[in-house]
Amino acid sequence: MQETTIPATNLRQKQPRFQGMTAGHRACLGCGEALGARLVTEAAGPDVMIANATGCLEIFTTSWPESAWRVPWMHSLFENTGAIAAGMEAALKAQKKSTKVLAFGGDGGTFDIGFQALSGMLERGHNVLYVCFDNEAYMNTGIQRSSSTPHAAMTTTSPPGKERMGKRHLKKDMVSIVAAHHIPYAATSSVAWPSDIRKKVRRAMAIDGPTFLQIHVPCPLGWGFDGAKTIEVGRLAVQTGLFPIIEIERGGLTGVLPIRNPRPVEDYLKEQGRFRHLFKKNDLRAQQELAHIQAIADHNIEVYELKGHGSSAFDDEGMTLVQRGGLRRA
Amino acid sequence: MLEALEGSQALARAVALCRPQVISAYPITPQTHIVENISKLVADGKLDCEFVSVESEFSAASVALGAAMAGSRAYTASASQGILLMAEVLYNIAGSRVPLVLTCANRAVSSPLSIWNDQQDSMSVRDAGWIQLYCADNQEAVDTTIQAYRIAERCELPVMVCVDGFTLTHTLEGIDVPEPEQVDGFLPAYQFSRTLTPTNPISMGTLVSPDFYPEARHSHHQALLNAATEIIAADEDWGEVCGRRYGGLLKTMGDPEAKTVILSMGSVLGTLQASLQEYPQQESIKLVQLRCFRPFPRQAIQQACAGAERVIVLERALSPGSGGIVGNEVLAALSEVETRPQLFNCAAGLGGRDIPLDIVPRLLDAASQATPGHFQILDVQLDKLPQEDR
Ligand SMILES: Cc1ncc(C[n+]2csc(CCOP(=O)(O)OP(=O)(O)O)c2C)c(N)n1
Ligand code: SF4
Ligand SMILES: [Mg+2]
């Protein structure tokens, strides 16, 4: 085989070496949100400006006079991130600058308290990529339920007990609600598939208009699992059908990450302390809830056709191989 | 050249002259005409700016903040419920030391619901860390808006220009709208020192530990106190341009030697002057228009009240369970002087209740009957109330 030497500068251009968020921050070991934010900023590059909601990400990346951010970054409040980003974008537009505005919010800051500001931003068509780091609860304040918390999960405000089996309500279908604003691009992704995040961030960056990316970011502390298993847990959420990876363009479903062999929801749930009460021996309610959660997963698999048609190199297992730089099967 | 303009129309023109690049607002009576007029200026191509028509006041203030952080001159306006909905953002803007201008079309706060004028809204956010200027008439509102941008940008602090709802916003007056060149000369293009930009990335709004928090608060407090100089200078320098001056922090009218001082804020000063003309008093009276409420001009008030035997503070809001807000602060300022005048404190014109032309004799009468320091709401008809509330 002929040897080729590639100049180092070329290599660097080909690799996303730029880090918008650096190491040394104070996130918990194995924090999915920290990984997600790093991947997003890496893919987005340096010509960005970030509006960040209150939450874990904001707290663990800053404490005056330190900051983990290498891009212009601003935190204002918990519930106004969509509007702060809109203001930044309006200003850049007025100044005829092309810097892309990113908005970062947790599930609480996005699904709940910042919902209105986000809706306004989407409806008005601001050129902003809004990224929701979905760890399925208010982690920064110590694990309270949000409207993103999955059904039956234990949080400090949805504890299981004699009368309750964890959260009583369903996880809000945020990406559909966002897509209903007729925006060009809304998608979900997971830190378990970094290549998927990169691809979607680049796609959204190229669109002149409001785009939305909801990234599933397992939280070892809040979900009760070992910080070494973040990717594994994230992958199981997708492989069970509980967190479908989808893309919606102008309201139409245009892409899903197919699951080669759907796993039973128990495989995912039993890894996490927040679902411990569902595995109590001889507990009828626990069994009913497990069946209920399986039904939710089955429903997702059906409506999004997650099993796909035929075989795809870009299903959940294929994506893993691609991400590891391994086999590419046609 | 004088033009007959409604207050809101004049304000919209003044804002446009300041060349804001981003404006964001949400309609609320009596502010609505201001944003409607601005929208029209934008639609007619007379004002080149991004007008962001948001879904709430909370977002209006946030959009203005985001825009200012991204390096644009920004503007917003609101009133009453809108100001209260903005409250969290107002603190955030001021704490971040971001220059912005907001017009508050002063209105009462619900409940009970009232769309009419008093100053409970701006008073309720007096501790948010904004500069607060109160205008007596629409010409002053126009000139103060222009001054406000220069003050905000020189001090890196937000400025709230308070204009009485309806009384000013909806009243037609002859207004001298300044020429664009006059404003451009006074208000050059501006670059905020902490603008977010990819070429010099900084982090704003970080968490601050107890190791730095008191210092941040101290510097904010100090910045407001220091702003007094810029407020005076802006009035002086703009006066050079347009020939109109408003006294800087406060304006005194009437007999400088008077033993009785009546101090108030906003459009009621016009009523007080008219009242003095209509009902000439035997004793001479000095009027003090407190133009700047934040920073609170302690020394200027002490000087304005020097030699007075009694000071009557007339205000348009209250702190239920305590009493007058302006009155309490004036009382504290006067407690530092050697021969301390007696202070009488009244609220009037709440929720749009008419302040009648005989307000001066009424005030003097009320003061002569009250014990000093006592606070009362003028003109309350107790027979409308159940026994226990009288
Ligand atoms: C108006 C307001 N209410 C409540 C809070 C307290 N608070 C700060 S962060 C947070 C939860 C954040 O949850 P989420 O958005 O999911 O982000 P996470 O920390 O989980 O990443 C809450 C409740 C606040 N800062 N502001
Ligand atoms: S609590 Fe969860 S989201 Fe917050 S830093 Fe820890 S792992 Fe990350
Ligand atoms: Mg969360």
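1. Welcome to the structure; a good place to start is chain B, where the domain assignment gives domain 1 (2–242) and domain 2 (253–389). Please keep in mind that this is a predicted model.

2. Next, how the two parts of chain B sit together. The C-alpha centres of domain 1 and domain 2 of chain B are 27 Å apart. Their contact draws on 28 residues from domain 1 of chain B and 22 residues from domain 2 of chain B.

3. Between domain 1 and domain 2 of chain B, about 1900 Å² of area is buried, and carbon and sulfur atoms give 53% of this. On the domain 1 side, the residues that lose the most area to domain 2 of chain B are B:M123, B:R126 and B:Y134, which together make up 26% of what that side buries.

4. You may also like to look for charged pairs. There are 2 salt bridges between domain 1 and domain 2 of chain B. Elsewhere on your list, put the salt bridge formed by the side chains of B:D127 and B:R294, with an N to O distance of 3.7 Å.

5. Now to the largest pocket, with a volume of about 870 Å³. It is lined by 24 residues, and those closest to its centre are B:G95, B:S96, B:T206, B:V208 and B:A216.

6. Which elements of chain B each supply at least two residues of that lining? They are α4 (80–95), β9 (203–204) and α8 (213–242). The largest share, 6 residues, comes from α8(B).

7. Finally, the make-up of the largest pocket's lining: 10 residues are nonpolar, 10 are polar and 4 are charged.

Terms used
Residues numbered from 1 in each chain as written. Chains lettered and ligands numbered in written order. Predicted model: local features only at pLDDT ≥ 70, side-chain atom pairs only at ≥ 80, totals over all residues. Heavy atoms only, no water. 1 Å grid on protein atoms, 1.4 Å probe; cavity = no way out; pocket = protein on both sides within 12 Å on 5 of 7 lines; lining within 4 Å. Points joined across faces, edges and corners; volume = space filled by probe spheres on them. Helix = DSSP H or I, 4+ residues; strand = E, 2+ residues; numbered from the N terminus. Nonpolar A, V, L, I, M, F, W, Y, C, P; charged D, E, K, R; others polar. Domains from an automatic or database assignment. Contact = heavy atoms within 4.5 Å. Buried area = accessible area lost by both parts, 1.4 Å probe. Salt bridge = Lys/Arg side-chain N within 4 Å of Asp/Glu carboxyl O.
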